[in-house]
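Work through the following exercises with the sequence and the coordinates side by side. Each task is followed by a solution that goes step by step.

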Amino acid sequence: MERPILQVALDLLELKRAIEIAGEAIEGGADWLEAGTPLIKSEGMNAIRELKKHYRGHKVLADMKTIDTGAIEVEMAAKSGADIVIILALSDDDTIAEAIRAARKYGCEVMADLINVPDPASRAKEVEELGVDYLNVHVGIDQQMKGLDPLEVLKDVVDSVSIPVAAAGGLDAERAAACVSMGASIVIVGSNIVKSRNVTESARKVREAIDRAAEKGGVEVRRKSLDEEIRELLMRVSTPNVSDAMHRAKAMDGVYPLVRGKKIVGKAVTVSTMDGDWAKPVEAINVAGEGDVLVIKVSGDTAAVWGELATRSCINRKIAGVIIDGAVRDVDDIRELGFPLFARKEVPNAGEPKGFGEINVKVICGGVEVNPGDWIIADDNGVMVIPKRRAYEIARRAMEVKKSEDRIRGEIEEKGRTLADVVELYKWEKVQ
Ligand SMILES: O=C(CO)[C@H](O)[C@H](O)COP(=O)(O)O
């Protein structure tokens, strides 16, 4: 197998950072540099000019995502130094034909991006016939958040055409290698390289993985279950990351960690009960399974519905943590047990187990609606609730937030910059 091409997608807003990151990626083994669509929208054709000026030995791609006026957009990008212009395979055939004519005239090539195409293998064949030079099997960033995966259709496209096929969409070293094994000649990696704290090292990892895959001609990738993936992702992010991913959604109000430095991630088993009535909260321990989180809404907070013995029972059943919008006691013992408990209030007196309330019903806890099966993530910053139908998407988006922050943190720590400088805060203030 030929040596695969590693294309780094510079999906950034600031040109200065893009140039710097491109250099770091090249050091790690990147071949082609893609001026990502966000960079082009933010900096215009200048992004392509500057990338070409700085890195003459490398092909520069302009991810124009052209859907109309193929000739004009290709001409612009080519004149600015693009070696390859990316257009959308969704475009009308005439737009693609015009883009190709312009590419031939101005000495560049065309890659057709199959993003959002309903039948990628047949469209791939059609655009190959129109004359595009490369195809890109691409799952876009928003689609990745829903769990779509370029590997699902890659093989079909590779088998349908004879031009080189690229793959893109949330690839890391392992998945990039899998794409090569399935016949991709080009792997396009964005956030897993450009947002990483050590760009060179991340690029090197992908480089080595794809080279190994090309030598061996095959690697196995096991896709985890959705719940496994959600749990793993949420374990790696914080509640602020999740809040940012949910457009700065609020945490539960007035519910605090009584045991500091502990993190909870798991699916909610909900409980609704009366002030001091600890029957349903304790019965719910037997309903919950390993890794679940008890979320208990109490009608008042004058008497505890939770204490040490309930906590010990939770530990036996491997429950991930307990969130109580109400009062608890035995907090000193629970701290010693190191069990993650969040509550509104600490009191010494318990109530009576009367059995009012219900298990696994909708509750409003700390002002936030929680339904059975919603995902809970809680840490020293507070308790966030992620509706179950959006759990994978939000976990992925939170991971993207974390990656961006990691990179910015690196620039602040290692390069002595300030946050305002790194993100060009003044430039992005809303124009009044
Ligand atoms: O074109 C893009 C988004 O539309 C990205 O450049 C492409 O998806 C690669 O980035 P990532 O690896 O982060 O998915």
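**Exercise 1: the surroundings of V8**

Task: Determine which residues V8 is in contact with, leaving aside its neighbours within four places in sequence.

Solution: In this predicted model, the contacts of V8 include A22, A25, A30, L33 and E34, and the list is completed by V189, I193, V194 and A203. The next step is to place V8 in its wider setting: together with V85 and V187, V8 is one of the residues with the most contacts inside the largest nonpolar core, which has 80 residues. Another core lies apart from that one and has 60 residues, V271, V293, I296 and M399 among them.

**Exercise 2: the buried side of α3**

Task: Identify which residues of helix α3 (residues 46–54) are buried, and explain why they lie on the same side.

Solution: The buried residues in α3 are A47, I48, E50 and L51. Because these residues cover an arc of only 165 degrees around the axis, they are on the same side of α3. As a last step, look for what covers them: the elements include the helices α1 (15–27), α2 (37–43) and α4 (70–79), as well as the strands β2 (32–35) and β3 (60–66).

**Exercise 3: domains and confidence**

Task: State how the protein chain is divided into domains, and what the mean pLDDT of the chain is.

Solution: Domain 1 spans 5–223 and domain 2 spans 231–392, and their centres, taken over C-alpha atoms, are separated by 44 Å. For the protein chain the mean pLDDT is 95, with 98% of its residues reaching 70 or more, while the model scores ipTM 0.98 and pTM 0.80.

Conventions
Residues numbered from 1 in each chain as written. Predicted model: local features only at pLDDT ≥ 70, side-chain atom pairs only at ≥ 80, totals over all residues. Domains from an automatic or database assignment. Core = buried A, V, L, I, M, F, W, Y, C linked by C-beta atoms within 7 Å. Buried ≥ 20, exposed ≤ 12 C-beta atoms within 10 Å, placed from the backbone. Contact = placed C-beta atoms within 7 Å. pLDDT = per-residue confidence, 0-100. Helix = DSSP H or I, 4+ residues; strand = E, 2+ residues; numbered from the N terminus. Arc of directions from axis to C-beta.
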